[in-house]
Amino acid sequence: MEALEEIVPFLSKTARLDLRVVSVSHVLGLTGSVDGIALLVQNETLLTNLLDLTNEESVAKDAVLCFVNITAEETGATVVVDKLLDRLVPLAYHAVLDENSKLSDAWCMVLCNITRPEQLVETVVERLLAIEYCLEKLTTCFTRVNYNKQKCHLNYLGPLFSNVSQSKLGRDVFCCGKAGLLGRLLPFVHHEGSIVRRGGAVGLLKNVCFDSSVHEWLLSEDLDVLPFILLPLAGPEELDDETNDRLPVDLQYLGPDKKREEDPDVRKMLVESLAQLCATRKGRVYLRDHGAYEILRELHKFECSAEGDKVVLTAVENVVDILIRTEEEIGEDNLKQLEIPDDVKSKIQTMSDEVEK
């Protein structure tokens, strides 16, 4: 601890350049371990000086990487949010917006890290939304091809959007029809270039589906999320004409070269999205009328095979168990409003709990 105190003065803009470089490098090394991070976050002056150095070209990269590593640990993220939030969020935001920044990806990761823990997300989202049109502008960065001129890909904006949508404040912005953000982000559910980007978009969709008050809008012609959910879950299996006629146009007669989503975590989130849409009678009827059961039936066969995943299989079975029942058997319009849980509500609640984790 004493040795750490000794280098704090050298983590200053006024310190000699060579000492500053060595000191930041030493701190970066400490961030490589949990014990090192625990030691660093006890020193608020060190963290403050380090944040100052993220704008110093000579050490900016290492300084930002320090924050990537520190915030990757929940303890570190908590201290950073508590002590540095008001300065850090605008710094990170403007770096991402700067198309000539070489550190945009690293700053995206910092924002991802501090929005991941459930107990921090509301605080960080409030600070983000204090910046006018913040999510709208970040969405533009994410959706514009080659936005960053320094070869930063901004893929981690995907998980950031997913994290932000854990908060009702965040979901409300994404679900604002006038802004149209969700509609702009939905195509990335099928993005093949990056699992990080694709997984983030799917996570956002899953979290939005958690709110049953927007289900009617999600399934309306204005947005129509169902094809975005079902298409990655569909494989090359041949379906009969009657089934194809019921499916959304994008899923009809897919052909033998159709590939199913390879990542089991992404498939699980997509199935969880369907589970959430099953909460209301209108949602269940809509899913049945548009071939969701038939897609899940074929997915079930796949998950039972050697290529499949047992966790996804269970998620599929939960949704299928609801869809094969008649509304008379279910007996409730909105399963989330039941005061006394029954076996069907229990399955929905299990999925809801997983979304909240």
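Okay, let's start right at a helix pair: from α17, the residues Pro264, Arg267, Lys268, Val271, Leu274 and Ala275 touch Val311, Val312, Ala315, Val316 and Val319 of α20. Contact here means heavy atoms within 4.5 Å, and helices are DSSP runs of H or I with at least four residues, strands being runs of E with at least two, all numbered from the N terminus. Sorted by class, that α17 and α20 contact has 9 nonpolar, no polar and 2 charged residues. For the classes, Ala, Val, Leu, Ile, Met, Phe, Trp, Tyr, Cys and Pro are nonpolar, Asp, Glu, Lys and Arg are charged, and the others, Gly among them, are polar.

Before I go on, the ground rules. This is a predicted model, where local features need pLDDT of at least 70, side-chain atom pairs count only at pLDDT 80 or more, and totals for chains, interfaces and linings use all residues. Numbering runs from 1 along each chain as its sequence is written, and side-chain values use heavy atoms, with hydrogens and water left out.

Back to the pair. α17 covers 264-277, and α20, residues 310-323, packs on α17 at about 15° with the axes 9 Å apart. Axes are lines fitted to C-alpha atoms, for helices over the stretch in contact, and the angles run from 0 to 180 degrees between N-to-C directions. So α17 and α20 are roughly parallel, the term for angles under 35 degrees; over 145 is roughly antiparallel, 65 to 115 roughly perpendicular, and the rest oblique. The crossing of α17 and α20 is left-handed, that is, the near helix is turned anticlockwise from the far one by less than a right angle, whereas clockwise would be right-handed.

Zooming out for a moment. The protein chain has 22 helices and 0 strands. Its C-alpha atoms fill a box of roughly 75 × 45 × 45 Å along the principal axes. Of the 357 residues, 52% count as buried, buried being under 20% relative accessible area, exposed over 50%, and partly exposed in between, with a 1.4 Å probe and protein chains only. Among contacts with a separation of 6 or more, 70% are between residues 24 or more positions apart. About 16800 Å² of the chain is exposed, with carbon and sulfur atoms supplying 49% of that; the areas come from the Shrake-Rupley method with a 1.4 Å probe, and for residues only the protein chains shown count as cover.

Now, which helices cover the buried residues of α15? They include α13, α17, α18 (281-289) and α19 (292-304). Helix α15 is residues 226-233, and 7 of its 8 residues are buried, so the rest of the structure largely encloses α15. The buried ones are Leu226, Pro227, Ile229, Leu230, Leu231, Pro232 and Leu233.

α13 has a partner of its own. Helix α10 (157-164) packs against α13 (195-209) at about 15°, axes 7 Å apart, and that makes the two roughly parallel. α10 passes α13 in a left-handed crossing. On the α10 side you've got Gly158, Pro159, Phe161 and Ser162, and they meet Val196, Arg197, Gly200, Ala201, Gly203, Leu204 and Asn207 in α13. By class, that contact has 5 nonpolar, 5 polar and 1 charged residues.

Pro159 turns up again with Cys112. Cys112 sits in α7, residues 104-115, and is buried at 3% relative accessible area. Leaving aside neighbours within four places in sequence, Cys112 contacts Tyr156, Pro159, Leu160 and Asn163. Arg127 is 15 residues from Cys112 along the chain, with 14 Å between their C-alpha atoms.

Arg127 takes us to α8 (118-129). The axes of α6 (74-97) and α8 come within 10 Å and cross at roughly 5°, which makes α6 roughly parallel to α8. Arg127 is one of the α8 residues in that contact, and Glu74, Asp86 and Pro90 are among those from α6. The class split is 8 nonpolar, 3 polar and 3 charged.

Last stop, the loops. Most residues other than glycine have a negative phi. Tyr133, though, has a positive phi of about 55°, and is in the loop between α8 and α9 (134-143). Asp224 also has a positive phi, near 55°; that residue is in the loop between α14 (215-218) and α15, partly exposed at 26%.
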